[in-house]
Amino acid sequence: MTPILVFDIETIPDCAGIRRLHDLPADLPDSDVAEVAFQKRRVQSGGASDFLPAHLQRVVVISCVLRNDEGIRIFSIGEPEADEAAAIQRFFDGINKYAPQLVTWNGRSFDLPVLVNRGLIHGVAAACFWNTEDDNKYNNYINRFHDRHCDLMDVLSIYGGRGAPLDELARLAGLPGKLGVGGGAVWESWLGGGIEAIRNYCEADTVNTYLLYLRFQLMRCSYTPERYQSELALLRGTLEKRAEPHWREFLSLWK
């Protein structure tokens, strides 16, 4: 089978980069450095948003579901085991190794722009991801309407604009939805030392995305009902072997 790699990222402000760009004092606390960037963003957006652009988002975790002939692996890359450059390189090394079907939720607008911008900053190599030659000319990771990257939110909106929130669509489908800190609280959680909570939240989002992708495969008849149920059973069995509390909670909410 073609491997399937579902992934999600969590980010925080790149305080070192923001200091450099705005000549801020080295001893200015990260919380204050980030607030400078947030305020500048509010001015740029006319007060509509303080969400930072991709190049100022530092990746702290990349959570993945890998489904291949060997089964299912659920794992995270990033802090505290690896710095940002090493984490992004490992992610693209995985794409080079498996040449998988990529699946995301809003990945075309957020996750991938962040990864390629930050990867460029760090000098990361990502040959397979950027390959648009020969057999990849008409099916690659870059083109919005090619299948090698399925941004499920984009696809389900029929490429027509902002899609449904992951949490709401997942819960309406009888899935657990988001667990833990929530995307808007990642920075505050990070400042409080909550990297584990951030990882758990990101992993749960990734598994929700994978479950919706399986439902999508059933919807478009790429999977038979039997294949769909088999994939669900495999995932459930994988999670049941995990002892972490967030997977216990996830299973209790999975109807």
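Is Glu84 buried or exposed, and what is its relative accessible area? In this predicted model, Glu84 is buried, with a relative accessible area of 6%. The residue is placed in helix H3 (residues 84-98). When neighbours within four places in sequence are left aside, Glu84 is in contact with Gln57, Arg58, Val59, Arg118 and His122. Two of these contacts involve polar atoms of the side chains. A polar contact of 2.6 Å joins the side chain of Glu84 to that of His122, and a polar contact of 2.9 Å joins the side chains of Glu84 and Arg118.

Arg118 connects Glu84 to a further acidic residue, since Asp14, Glu84 and Arg118 are linked in a network of salt bridges. Within this network, the side chains of Asp14 and Arg118 meet in a salt bridge with an N to O distance of 3.0 Å. This pair links distant parts of the chain: Asp14 belongs to the loop between strand E1 (4-13) and helix H1 (15-22), Arg118 belongs to helix H4 (residues 107-122), and the two are 104 residues apart. Asp14 has a relative accessibility of 10% and therefore counts as buried. Arg118 is likewise buried, with a relative accessible area of 2%.

A search of the whole structure yields 13 salt bridges, and two further examples are described here. The side chains of Asp30 and Arg19 meet in a salt bridge at 2.7 Å, N to O. Because Asp30 lies in helix H2 (residues 30-44) and Arg19 in helix H1, the pair ties together parts that are eleven residues apart in sequence. The partners fall into separate accessibility classes: Asp30 counts as partly exposed at 34% relative accessibility, whereas Arg19 is buried with a relative accessible area of 17%. In the other example, the side chains of Asp205 and Lys178 meet in a salt bridge at 2.6 Å, N to O. Asp205 lies in helix H9 (residues 195-219) and Lys178 in the loop between helix H7 (166-172) and helix H8 (186-191), so this pair ties together parts that are 27 residues apart in sequence. Asp205 counts as buried, at 3% relative accessibility, while Lys178 counts as partly exposed, at 33%.

The nonpolar interior was examined next. In soluble globular proteins, nonpolar side chains tend to be buried together. The largest nonpolar core of the model holds 32 residues, of which Ile74, Val207, Leu211, Leu235, Leu239, Phe250 and Trp254 touch the most other members. Two or more residues of this core come from each of E1, strand E3 (71-78), helix H6 (152-156), H7, H9, helix H10 (225-240) and H11. The largest share, eight residues, is given by H9. Contacts of Val207 illustrate the packing: with residues up to four places away in sequence not counted, Val207 touches Val65, Ile74, Leu235, Leu239, Trp247 and Phe250. A second, separate core comprises 25 residues, including Val59, Phe75, Phe91 and Val114.

Aromatic pairing was also assessed, and the count comes to nine aromatic pairs. The rings of Trp247 and Phe250 have centres 5.6 Å apart and planes at 75 degrees; the angle is over 60 degrees, so the pair is edge-to-face. Both residues lie in helix H11 (residues 245-253), three residues apart, which is about one turn of the helix. Both Trp247 and Phe250 are buried. Phe250 also forms an edge-to-face aromatic pair with Trp254, at 6.4 Å centre to centre and with 75 degrees between the planes. The relative accessibility of Phe250 is 0%, and the residue therefore counts as buried. Trp254 counts as buried as well, at 8% relative accessibility.

Elsewhere, ring pairs link Phe7, Phe91, Phe92, Phe129, Trp130 and Tyr141 into a cluster. Tyr141, a member of this cluster, additionally receives a cationic partner: the charged end of Arg148 sits over the ring of Tyr141, 4.3 Å from its centre. An arrangement of this kind is also found for Phe75, over whose ring the charged end of Arg73 sits, 4.3 Å from the ring centre. Phe75 is included in the second nonpolar core, as is Phe91, and Phe91 belongs to the aromatic cluster.

Terms used
Residues are numbered from 1 along each chain as its sequence is written. This is a predicted model: local features need pLDDT of at least 70, side-chain atom pairs count only at pLDDT 80 or more; totals for chains, interfaces and linings use all residues. Side-chain values use heavy atoms; hydrogens and water are left out. Rings of Phe, Tyr and Trp (its six-membered ring) pair if their centres lie within 6.5 Å; planes under 30 degrees apart count as stacked, over 60 as edge-to-face and the rest as tilted. Helices (H or I, at least four residues) and strands (E, at least two) are DSSP runs, numbered from the N terminus. Buried means under 20% relative accessible area, exposed over 50%, partly exposed in between (1.4 Å probe, protein chains only). A charge sits over a ring if NZ of Lys or CZ of Arg is within 6 Å of the ring centre and within 35 degrees of the ring normal. A salt bridge is a side-chain nitrogen of Lys or Arg within 4 Å of a carboxyl oxygen of Asp or Glu. A nonpolar core is a set of buried Ala, Val, Leu, Ile, Met, Phe, Trp, Tyr and Cys residues joined through side-chain atoms within 4.5 Å. Contact means heavy atoms within 4.5 Å. A polar contact is a pair of N or O atoms within 3.5 Å; within protein, one must be able to donate a hydrogen and the other to accept it, and residues adjacent in sequence count only if both atoms are side-chain atoms.
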